[in-house]
Amino acid sequence: MDDAPYRKTGSVQADNIDCVNHPNLKADVQSEEVIAAEIAYKRQGRTAHTADPLTEAQIDERLAQVNSKLEAYTNVHKEDYVLAITSGLFAGIIDAVFVGEISFGEEGIKLSHQQVNNFIQKFAESRGLGGERLKDSIGALERHFKVAQDNAWKGAGIGVNAKNHHLADFAHHPTPLGLLSAIIVQVLRVGAFVNKDGEWHFLFVKTSAKDLAVTLIPAVLTGMLNWLVAMGEKKYQENTGEEIPKAFRGIVHFAASAPWLFEIAKCADNWFGHLVSDMGGSKNTAGEGMGIPGVLMSLLYEVASLPGLKGSGLPAFVNDLYVKQKLNLRHELCLLEGIGKQSLPVIFNEVFTRVLFFASRLSFQWNEHSDIKDIDWESVVPFGNPAIDRMMTIASMTFTMADTADAAVHAAIESCGNWLLFSKVFVSRFNYVGAGRAVLSVAKEIWNEQQEAQLRHEKMLLTEAKTEHVAERFTAYRNALEERVSAYLVEDMEAFLLGFDDMEQGMASGDADLVIRGNVTIQRVLGREPQFTTRQEFDALMDSDDPLIL
């Protein structure tokens, strides 16, 4: 057997490995390149994967983005809590000293009535319909701003009466739906009514030839003008091969629709004027009549009129509030005035907290960078980041707790143990706007927590995917190394056996060259360079003064 394959040093050399037969070893051991691999990671029987497989470089990029977003959720300083609590306490002091008790009683209602009556007379005077008395102004407005569906409910048997017809008729609502209903009455001559049982009724109103002309003539003119404009556009395009600029085309069509738009504007003006005439009751009950429902009452009744809520009893409940409790526009104005007054400390708390956040973060960034170009403005601007949301939650809750304590203390002092009086005083001093702002802040905080949890979950999945990439490389390296070690062990064992076999045969036959060859083979496997390889070299060594090294 040729011993050439075994005549090599025992040191392991990577370049002696056949890389063609070991592709994993070539990629991971020799070149150590990062191989882009698709990620698919399974956890507890579920497989989570991206829409498109990500390479390890893409995973690193996405991890950097997630970490950057997470930093915004955790970038809350201890000073932020102190500043937020301070702002909330200052707002509570302002509420206790300058806002105090809000009156929703008879005095507030009387003031609201007076404000409505003054508005009716001033509006009538502005339209040239004024009179010395409120009754005269209301009568003049009723005659000038007539609506077709005003008395359509009479005798229709639809469960609408004189006390609730302003609530049942959507065209009497001071809301966008109310205006839309008024336009439908003008165009289609149909009134929409909903009784206290939530039942819808559509009634045709009396229509004369004049009414049809008033409606149809603007519509026909608008159609003709737009048709002429369209023909002109087509002719222009045929002659020039170019389209008219979109902005100019829109202006022309708007101008062509002027007759119809003018009629809609007249309808809106008439609708508003009629609402003003009904705000203080009719001319026979001036200042004391039912009036029209306010914005909140109208919106609540419109929601209660939805098909799914018909049998809920909500329409009847709202109807009772309007008819029996007489909660109309004048009561809502009193409520809105109180809400406006209570909004002052809430607005202060909002602004002051954000100003403190801006000043604090700008100072921190300036001390850290000392160059305005290096300032991270996203972390300084007091909007659109979780840190300011957290501060607003703390400030709002602090204000609400301070306001609740103030209301409770005043109620306890003034009631002298009378629970009814305690409740009345507490309700009048409690800041409902602040409580609403606190609820919104808490809801925002919960949403932020959900977003943070999602980001942390995504980071965990990306980290696991990256770990699997690394594990794959280590597995490939280990397998290649095991193959290399196994190959060398096999080759070394064969070399040892061959060397001993040569030596045994040589000693048995008395062939010194064979014994020397076996010795050389074993020496080289052990990583040593033999002193002699033939008998002549052995004789020369013996005749020399060099020592024999075994």
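In the predicted model, the largest nonpolar core comprises 18 residues, of which I120, L129, L141, V276 and M279 touch the most other members. Two or more residues of this core are contributed by each of the helices α4 (106-126), α5 (134-144) and α10 (258-279). In soluble globular proteins, nonpolar side chains tend to be buried together.

The surroundings of M279 were examined further. Beyond its neighbours within four places in sequence, M279 is in contact with V116, F119, I120, G291, I292, L329 and R330. Another core, of 10 residues, lies apart from the largest one and includes V194, M290, V318 and L321.

A nonpolar patch is also found on the surface, formed by F358, W366, I372, W377, V381 and F383. Together, these residues have about 600 Å² of accessible area. Within this patch, W366 is located in helix α13 (residues 329-369). The relative accessible area of W366 is 44%, so this residue is classed as partly exposed, the range between buried (under 20%) and exposed (over 50%).

Confidence varies along the chain. The average pLDDT is 80, and 86% of the residues score at least 70. Among the elements, strand β3 (residues 190-194) has the highest mean pLDDT, at 93, whereas strand β1 (residues 41-43) has the lowest, at 37. The pLDDT is below 50 over residues 1-51, a stretch that nevertheless has 76 contacts in the model beyond near neighbours in sequence.

Technical notes: Residues numbered from 1 in each chain as written. Heavy atoms only, no water. Core = buried A, V, L, I, M, F, W, Y, C linked by side-chain atoms within 4.5 Å. Buried < 20%, exposed > 50% of the residue type's maximum accessible area, 1.4 Å probe, protein only. Helix = DSSP H or I, 4+ residues; strand = E, 2+ residues; numbered from the N terminus. Contact = heavy atoms within 4.5 Å. pLDDT = per-residue confidence, 0-100. Patch = residues over 30% accessible without salt bridge, like charges linked within 9 Å, V, L, I, M, F, W, Y side chains within 5 Å. Areas by Shrake-Rupley, 256 points an atom, 1.4 Å probe, with all protein chains shown as cover. Salt bridge = Lys/Arg side-chain N within 4 Å of Asp/Glu carboxyl O.
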